[in-house]
Amino acid sequence: MVTYIIRRLVLAVPALIFISFIIFMIVKLSPSDPTANLPLTIPPEVREQIRESLGVNEPLVGQYLRWARMMFITEPLIMLEDALCSQDRLPGRVLPDGCWQIVPPDTSRIISYQTRSPVFDLIAVSLPQTLWVVGTSYIIGILIGVPLGIISAYKQYSVTDQAATFFSMVGFSIPTFFTGTMAIIIFSVWTPTDAWWWLPSSYTTTHVVNDWDSFVFQLRQMILPMMVLGLYNAAQISRYMRASMLDNLQQDYVRTARAKGMGERVVVLRHVLRNSLIPVVTVIALNVPAVFGGALITEQVFRVNGIGYQLIQAIRGADVPMVQTISFIFAVLVVTFNLIADVLYGILDPRIRYD
Amino acid sequence: MIQAAQFADCLGARAPECTEANFGPIGTGPFVVDEFRPNDVIEFSANENFRNPDQPGFATVTFRGGGDAVSAARSVCQTGEFDYAWNLQIDPQILADMEAEGLCTVVTAFGTSVERLHLNQTNPDPELGDIRSTAEAGPHPFLTDPIVGQALSMAIDRVLLTELGYGAGGAPTCNVLPAPELYASTANDACLEQDLEGAIALLDEAGIVDSDGDGIREYEGTPLSVVFQTSTNAVRQDYQALIQDWWSQIGVDTELRNIDASVFFGGDPASPDTFQKFYADIEMYTNNFAGVDPQAYMANWVCDDWPRPETQWQGANIQRFCDPAYDELVAEMSTTADLEERGRLAREMNDMLMQSYSIIPITHRGGVSAHAASLEGISMSDWDSELWNIAEWTRTPGMERE
């Protein structure tokens with residue numbers, strides 16, 4: 001198993017480099033000018049200097065190598081610097097005394113065309129929101145969806161199953177921009193602002209959790225987006241879980257297990273569930289990257305300044321470096337979660353151990 | 001006003017790199033930036049060194065971006081989470097209903113913004129390829145004739161459009177330069193009244209008639225078929241649909257296009273869909289000028305300010321108007337100091353543009369904002385930032401919040 005993981009990790013490196021090249025080229029081929037959004041008063045020769053300083057006049061391969069150096073060397077080293085240093089940076093990206101400055105402060109970084117600030121600073125600001133809101137709602141979706149799927153498969157056509165099917169059809173078929181707006185109208189507009197069940201309609205990204213009250217506030221502002229996304233995710237997962245459970249419940253080994261005198265609890269939770277989880281794990285793991293990118297409608301409705309929202313803004317603003325970087329991060333997530341899914345198969349099913 | 005010392009290293013080509021200076025400029029205003037998150041939020045706190053020790057009236061300001069106009073209005077007028085929302089270009093009825101709930105007050109102010117149609121004076125025929133909508137393409141087959149433009153203008157009911165699209169936030173206008181008062185012409189006000197029959201008669205008299213019986217008039221053999229583009233926006237699409245209908249009644253065939261605002265106004269010289277490239281016969285958008293003096297604005301329509309490939313399609317003379325007499329007036333205004341005389345020149349230039357019918361103004365648009373009922377001291381102006389007197393804003397006594 002360990003050799004398998006190592007082999008997969010080693011293979012992932014050329015794959016990611018290839019992906020990064022493709023992403024860079026595809027995004028780059030779209031016509032865009034980094035100075036297009038600047039005020040019209042800037043004279044043409046200054047525009048040319050700005051293009052020059054951003055390196056867009058070099059040949060494409062040179063530009064790719066420049067971007068790859070920043071993406072794979074400069075930015076990780078800067079992250080490492082930050083991780084090793086407990087103090088804040090001084091102006092001009094200089095580290096205070098006692099910290100290890102690996103990257104000279106004037107090294108060029110990937111600069112966003114839109115905001116003229118380093119792309120990774122923007123991602124560092126928006127990633128926590130995505131993890132908090134989208135991540136927790138995905139976990140909640142799993143926690144609701146898996147048991148719901150098990151129950152409705154085991155008690156097929158019962159009232160519980162009908163209710164669960166209804167719930168998942170509702171969650172699956174109503175788009176999140178509709179459920180989101182409905183939730184805002186019910187819990188933010190119709191509810192009096194001083195009631196305990198009133199919930200804020202937009203997400204405050206600068207909120208810092210440092211005591212109980214601020215934690216409660218954080219929880220309250222997360223409830224609406226979590227509810228909306230959680231409903232959608234739970235609906236999807238419970239359908240897969242139910243279908244997979246139904247397939248397995250018909251198998252001979254289930255009859256054998258029952259014939260051996262095993263309790264229903266052991267039959268369902270140990271035998272059937274474990275076998276049914278394999279397709280569900282694939283769906284869950286492979287959906288994680290989609291969740292990061294696909295929650296952008298919910299992020300827009302509740303103004304969560306997450307990474308999907310940043311991507312949309314970057315696409316609209318023709319912010320090539322930002323689009324390239326975020327797309328590549330998504331690619332890394334896809335590769336990583338593919339690997340995680342493969343490893344989980346091995347844990348769930350000893351026959352698949354790849355050794 | 002920004003500090004020279006802070007931006008000393010940020011001039012010219014280094015401008016894109018000065019993140020720290022750009023995100024926290026040192027100025028003289030009532031608030032200082034604490035945190036700036038692009039596309040999201042800016043947090044300010046009161047400037048301790050502000051010139052007036054009693055101001056500002058608030059300790060912090062949170063400035064949220066993103067979202068659409070409806071949700072911005074909702075956060076002020078319905079949930080009360082925010083105190084001020086600007087640029088509320090939404091259905092006037094929805095906004096009025098929200099205001100009726102009593103949490104907010106809607107305020108409007110008029111500056112110089114005019115929603116107008118530009119009639120391409122050059123030929124945008126796609127068959128011309130790269131040279132279309134440039135001087136090389138030659139004049140437009142029919143829109144350079146003021147008679148056609150006049151008929152298109154007469155067919156439009158500006159009062160109805162404005163009422164429907166902007167409510168109290170707009171007023172019908174016949175001038176591209178509607179304010180300040182000194183510069184506003186009254187020579188074109190007849191356009192406020194829709195006159196479909198007059199438009200039909202005008203075209204008939206000029207011999208622009210439907211000769212082949214397909215319901216569309218021909219101008220020297222060219223059918224009056226136009227492509228009419230604007231940015232994607234509910235109000236603009238309403239305008240387009242109504243105008244298309246009126247024009248069809250006078251025998252003009254209209255094809256509608258709408259383009260995402262970020263592309264249309266994005267100015268990307270590589271995109272065929274920008275308003276500067278103007279690969280259409282007619283386009284609609286709003287423009288205005290900053291400050292109160294129209295000299296620079298009226299100079300937009302000089303002959304050599306056409307957007308063209310050599311200027312990366314930059315240029316303000318969007319409809320490609322050119323009249324040497326107009327250029328002379330622009331030159332004269334730049335050497336005239338007397339205010340009355342400047343007023344006369346500006347009005348004359350406005351009338352010249354209007355009578356060329358290369359611009360058809362429709363609505364004089366005001367800024368529409370909403371503020372919480374508990375906020376006092378707001379004196380909205382469209383001549384400056386709406387926040388120009390934010391130092392004087394206070395909370396109504398007795399309505400303080402935490």
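Two groups are in contact when heavy atoms lie within 4.5 Å of each other. Keep that in mind for the stops below. The model on screen is predicted.

**Stop 1: helix α6 of chain B**

Select residues 196-205 of chain B, which form helix α6. Its buried residues are B:Gly198, B:Ala199, B:Leu202 and B:Leu203. Look down the axis of α6(B): these buried residues fall within an arc of 130°, so they line one face of the helix. An α-helix has 3.6 residues a turn, so residues three or four places apart point the same way.

What do the buried residues of α6(B) pack against? Add residues 146-154 of chain B to the selection; this is α4, and the buried residues of α6(B) pack against it.

Now turn to the face of α6(B) that points away from its buried side. The exposed residues B:Glu197 and B:Glu205 are carried there. Then step past the helix to B:Gly207, which follows α6(B) and has a positive phi, near 80°.

**Stop 2: chain A as a whole**

Select chain A and show it as a cartoon. Chain A has 12 helices and 0 strands. Its C-alpha trace spans about 80 × 60 × 45 Å along the principal axes. Of its 355 residues, 46% count as buried.

Switch to a surface. Chain A exposes about 18000 Å², and carbon and sulfur atoms supply 69% of that area. Colour the charged side chains next: chain A has 25 positive and 24 negative ones, and the centres of the two sets lie 11 Å apart.

**Stop 3: aromatic rings**

The whole structure holds 24 aromatic pairs over all chains. Select A:Phe24 and A:Trp67 to see a tilted pair, with 5.4 Å from centre to centre and 45° between the planes. A:Phe24 sits in helix α1 (residues 2-29) of chain A and A:Trp67 in helix α3 (residues 60-84) of chain A, so many as 43 residues apart. Both A:Phe24 and A:Trp67 are buried.For a pair in chain B, select B:Phe264 and B:Phe265. Their ring centres are 4.9 Å apart and their planes stand at 70°, so this pair is edge-to-face. Are these two rings buried or exposed to some degree? B:Phe264 counts as buried because its relative accessibility is 0%, while B:Phe265, at 34%, counts as partly exposed.

Finish in chain A with A:Phe21, A:Phe24, A:Tyr64, A:Trp67, A:Phe72 and A:Phe328 selected together. Ring pairs link these residues into a cluster.

Key. Residues are numbered from 1 along each chain as its sequence is written. Chains are lettered from A and ligands numbered from 1 in the order in which they are written. Side-chain values use heavy atoms; hydrogens and water are left out. Buried means under 20% relative accessible area, exposed over 50%, partly exposed in between (1.4 Å probe, protein chains only). Helices (H or I, at least four residues) and strands (E, at least two) are DSSP runs, numbered from the N terminus. The arc is that of the directions from the helix axis to the C-beta atoms. Accessible areas come from the Shrake-Rupley method with a 1.4 Å probe; for residues, only the protein chains shown count as cover. Lys and Arg count as positive and Asp and Glu as negative; His and the chain ends are not counted. The place of a charge is taken as NZ of Lys, CZ of Arg, CG of Asp or CD of Glu. Rings of Phe, Tyr and Trp (its six-membered ring) pair if their centres lie within 6.5 Å; planes under 30 degrees apart count as stacked, over 60 as edge-to-face and the rest as tilted.
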